[in-house]
Amino acid sequence: MNTSHSQETPTGEAPGHVPLRLASATQTLPPSATLSMNEAVAKRRAAGRETIHLGFGEAAFPLHPLLKTALAEAATHTSYAPVLGIPALRQAIAAYLARKRGLTCSADHIAVGPGSKPLLYALLHILEGDVLLPVPSWVSYAPMARLAGRRVIGVQTEPHDHHRLTPQALAQAMTRARKDGANPRILLVNTPSNPTGSMFDRADVEALACWAREAEVTLISDEIYAELAHGWREHISPARFYPEGCIFTGGLSKAFSAGGWRLGYAVLPPTMAGKEVMQALRALASEIWSTTATPLQEAALAAFTPHATIEQYVHRSALVHGYVAGQLYTALTRLGVPCPRPAGGFYLYPDFSPWRSALQERGIRTSQELAHYLLEEWDIAALPGSVFDEEPTALRLRFSTSLLCEPDRATSVDEREAALWSLLDQAETLQLTGKKRRLSLPALERAQARLTEMIQELDRPGTSHVQ
Ligand SMILES: Cc1ncc(COP(=O)(O)O)c(C=O)c1O
């Protein structure tokens, strides 16, 4: 008779025996802060708590009809596609980058993957060396680098300089890292930036590229928001100035409002070394994700093939994101909240340190506590600067403005989509009339009003306000 059952714990495990153990790298790995916040907001809303959602960056315009049709037509294509992507899509992306960004690359230098995020993670596994990351940086870079067994070296940026990444700061970080025994060989940057909304200008890009070349560092440039420049600053890839040492990534998630489609690409240098990295990427991808979903690759072909209405859709999305981010930025600066002017994407990075004393009187000393205060006292969901690797006591938050376009009264998917299409239809008049034209966006107005109330409350006599 088998007696082992009688010795099992109520959960079915034998005493003293733990059948599942976590590897040390994942024992302390929390879920991505952005995805967790989105789930927390969904729970609050389901429980009837109205929440102003500035906590999740999702481009949520309706899908362009040509992409919808292309996906429907490809639905029956159930075979595995080539690991690095279908040739027609890789060619279309190369032509798109030449047309839109003046970059010369061929299909052979392009890898398609299930989102740019796994491609970035794969690259961090493949390339040699430790990783230099600007502070603040997107939430996933540091965990990805650490999971790939790399040391992360933060490169300090200054809020009063709009978090610009300078060669001086890079050189200092490099010297410090080498003293500590690290071997930084990769610099990962993001323009337009999540979390700051800033973009490198031409001089910044040239200086960065020049520094990376001299330091013999591979520059990975995450350009997922490139199409969403708001119009006052041109997106320039460092690949223009450092083609032999720059890898850049992009995809459908932001410009085409198709994050859930999970389709991204990476562009590698047109060199022998680039070819070797491509072979390693192919090998790694073949062992992990095999291929990107075939129907999605075929549908993505429509996104990257020249088509006037698709180009208009992307342009209009950028204008509306720029309008919404710009309106909230104006409201914040009127309230005296320091914040870099947004240039692309849909993020703001306000600094609440002028209210440090007033916040301290409420027991708030860290950005984490500040984010908690906004959520619990003001029903505003935002992310603390600490998840972007900032010092815990830096009182900065990341506001995502993309969901402020959401219509208030839509009672069906069709109504919601109609409201968002109407918003896109008004985008060009916004551009023509500048700030004179106003869109009616209830979620944006609520966010502005709530933040005004909050700052007024912090300013009230009895609470000190240090500038
Ligand atoms: C800076 C940055 N890079 C990459 C991604 C992910 O892109 P993808 O959907 O292509 O994986 C995001 C999404 O939030 C992002 O903000």
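**Notebook: aromatic pairs, helix H10 and the ligand**

I looked up tyrosine 313 first and noted that it is buried, since its relative accessible area is 3%, and I keep in mind that the model I am reading is a predicted one.

I then turned to tryptophan 421, which has a relative accessible area of 26% and is therefore partly exposed, because buried would require under 20% and exposed over 50%.

Next I went through the aromatic pairs, of which the structure holds 11. For tyrosine 96 and phenylalanine 304 I found ring centres 5.0 Å apart and planes at 80°, so I entered the pair as edge-to-face. Tyrosine 96 belongs to helix H4 and phenylalanine 304 to helix H10, so this pair ties together parts that lie 208 residues apart in sequence. I checked the cover of both partners: tyrosine 96 counts as buried at 4% relative accessibility, and phenylalanine 304 is buried with a relative accessible area of 1%.

I came back to tyrosine 313 and tryptophan 421, whose ring centres are 5.8 Å apart with planes at 55°, so that pair is tilted. Tyrosine 313 sits in helix H11 and tryptophan 421 in helix H14, so the pair links parts 108 residues apart in sequence. I also noted that ring pairs join Tyr96, Phe256, Tyr265 and Phe304 into a cluster.

Phenylalanine 304 led me to helix H10, residues 294–304, where 9 of the 11 residues are buried, so the helix is largely enclosed by the rest of the structure. Among the buried residues I listed Thr294, Pro295, Leu296 and Phe304. I asked myself which elements the buried residues of H10 pack against, and I found helix H3 (65–74), helix H4 (87–101), strand E2 (110–113), strand E8 (264–267) and helix H11 (308–334).

In helix H14, residues 413–425, I also looked at alanine 418, which counts as partly exposed at 45% relative accessibility. From C-alpha to C-alpha, alanine 418 and leucine 187 are 42 Å apart in space, and they are 231 residues apart in sequence.

Last I examined the ligand, which is surrounded by 13 residues, the closest being Ser116, Asp222, Tyr225, Ser253 and Arg262. I recorded that this shell divides into 4 nonpolar, 5 polar and 4 charged residues. A polar side-chain atom of serine 116 is 2.7 Å from a ligand oxygen atom, while a backbone N or O atom of lysine 117 lies 3.0 Å from an oxygen atom of the ligand. For serine 253 I noted a polar side-chain atom 2.5 Å from an oxygen atom of the ligand. Taken alone the ligand exposes 400 Å², and the protein buries 92% of that.

Terms used. Residues are numbered from 1 along each chain as its sequence is written. This is a predicted model: local features need pLDDT of at least 70, side-chain atom pairs count only at pLDDT 80 or more; totals for chains, interfaces and linings use all residues. Side-chain values use heavy atoms; hydrogens and water are left out. A residue is near a molecule or strand if one of its heavy atoms lies within 4 Å of it. A polar contact is a pair of N or O atoms within 3.5 Å; within protein, one must be able to donate a hydrogen and the other to accept it, and residues adjacent in sequence count only if both atoms are side-chain atoms. Accessible areas come from the Shrake-Rupley method with a 1.4 Å probe; for residues, only the protein chains shown count as cover. Ala, Val, Leu, Ile, Met, Phe, Trp, Tyr, Cys and Pro count as nonpolar, Asp, Glu, Lys and Arg as charged, and the others, Gly among them, as polar. Buried means under 20% relative accessible area, exposed over 50%, partly exposed in between (1.4 Å probe, protein chains only). Helices (H or I, at least four residues) and strands (E, at least two) are DSSP runs, numbered from the N terminus. Contact means heavy atoms within 4.5 Å. Rings of Phe, Tyr and Trp (its six-membered ring) pair if their centres lie within 6.5 Å; planes under 30 degrees apart count as stacked, over 60 as edge-to-face and the rest as tilted.
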